[in-house]
Amino acid sequence: HFSGSVITLLAPSLKPNIEVINHPIHLKTNHNDSQTRGGKIVTLSRIVEEKLIHRQIDAMDLVVNKYGYAHLKMFIGGSLTDSGSGELTHYARLLFFKIKLLKLEQNVFLTGEISGPEKKDFFMDSFVSVNLSRTLEEAFPKVTVEALSFGIPVLSTLWNGFKETVGSAGILLNLELDASG
């Protein structure tokens, strides 16, 4: 529905050709038994502030250090370097510092870029894929579809196209922007 409204907004003449197709994946009938899954939480994303990865690390601090789920591991895949210089981006350096500051070095791992053939291994043994975002490019979140294709439930923000993409195959979190973003 969201993607259809974006197309209608940008190209009104295409409206008669738009057909909305309901969500194709129903988690209740297309997933692995959660009892056989590992303790792995995955995120595959661009490593930029708008993807709210710093908030995921904050959440892992609560999960691990406050609630005692030290067996859980979060793997965050995505390019950590500037394409021009090849050096770590400012945001990536901040994330590494946050992980160290919160003593999560044994629980949160920034893996670097994950390419096509590596995605299956990246998603294997995961019990949830997290995709928090507030970017405008989320009309059709491709990584979310990839996670769902492996039968992995998704935790994402209720933002742009996530509602239609995730459907009932995950949990959508309200996104509240305050004065500091």
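Colleague: Which strands does helix 4 (residues 116–123) lie across, and at what angle does the helix run to strand 1?

Modeller: Helix 4 lies across strand 1, strand 2, strand 3 and strand 4, and runs at about 150° to strand 1. The touching is judged by contact, meaning heavy atoms within 4.5 Å, while the angle, on a scale from 0 to 180 degrees between N-to-C directions, is taken between lines fitted to C-alpha atoms, for helices over the stretch in contact. Helices (H or I, at least four residues) and strands (E, at least two) are DSSP runs numbered from the N terminus. This is a predicted model, in which local features need pLDDT of at least 70 and side-chain atom pairs count only at pLDDT 80 or more, whereas totals for chains, interfaces and linings use all residues. Residues are numbered from 1 along each chain as its sequence is written, and side-chain values use heavy atoms, with hydrogens and water left out.

Colleague: What makes strand 1 (residues 40–44) and strand 4 a pair?

Modeller: Two strands pair if DSSP finds at least two bridges between them, and three bridges join strand 1 to strand 4, which run parallel, so the condition is met. One of the partnerships sets V42 against S129 in strand 4. On the other side of the comparison, five bridges join strand 1 to strand 2 (residues 73–77), also parallel, with K40 partnered by K73. Strand 4 in turn pairs with strand 5 (residues 154–157) over three parallel bridges, where V130 stands opposite L155.

Colleague: Why are strand 3 (108–112) and strand 6 (170–173) said to stand at the edges?

Modeller: The open sheet has six strands in the order 3-2-1-4-5-6, with parallel pairing. Strand 3 and strand 6 each have a single partner strand, so one side of each is left without a neighbour in the sheet. Neighbouring strands of this sheet are turned by 20° against each other on average, direction ignored.

Colleague: Why is S126 called buried?

Modeller: Buried means under 20% relative accessible area, exposed over 50%, and partly exposed in between, with a 1.4 Å probe and protein chains only; S126, at 2%, therefore counts as buried. S126 lies in strand 4, a strand (residues 126–131) in which five of the six residues are buried. A polar atom of the S126 side chain lies 2.8 Å from the backbone oxygen of F123.

Colleague: Why is D125 called exposed?

Modeller: D125 has 51% relative accessibility and therefore counts as exposed. D125 sits in the loop between helix 4 and strand 4, and its phi is positive, about 65°, although it is not a glycine. Most residues other than glycine have a negative phi.

Colleague: What span does helix 3 (residues 90–101) reach, and what span is expected?

Modeller: Helix 3 has 12 residues and reaches 16 Å from its first C-alpha to its last, close to the 16 Å expected, the expected span being 1.5 Å times one less than the number of residues.

Colleague: How do you know which side of helix 3 is buried?

Modeller: Y91, A92, L95 and I99 are buried in helix 3. They cover an arc of only 100° around the axis, which puts them on the same side of helix 3, the arc being that of the directions from the helix axis to the C-beta atoms. What covers these residues includes helix 2 (53–66) and strand 3, whereas the face turned away carries the exposed residues H90, F97, K100 and L101.

Conventions:
Polar contact = N/O pair within 3.5 Å; in protein donor to acceptor, adjacent residues only side chain to side chain.
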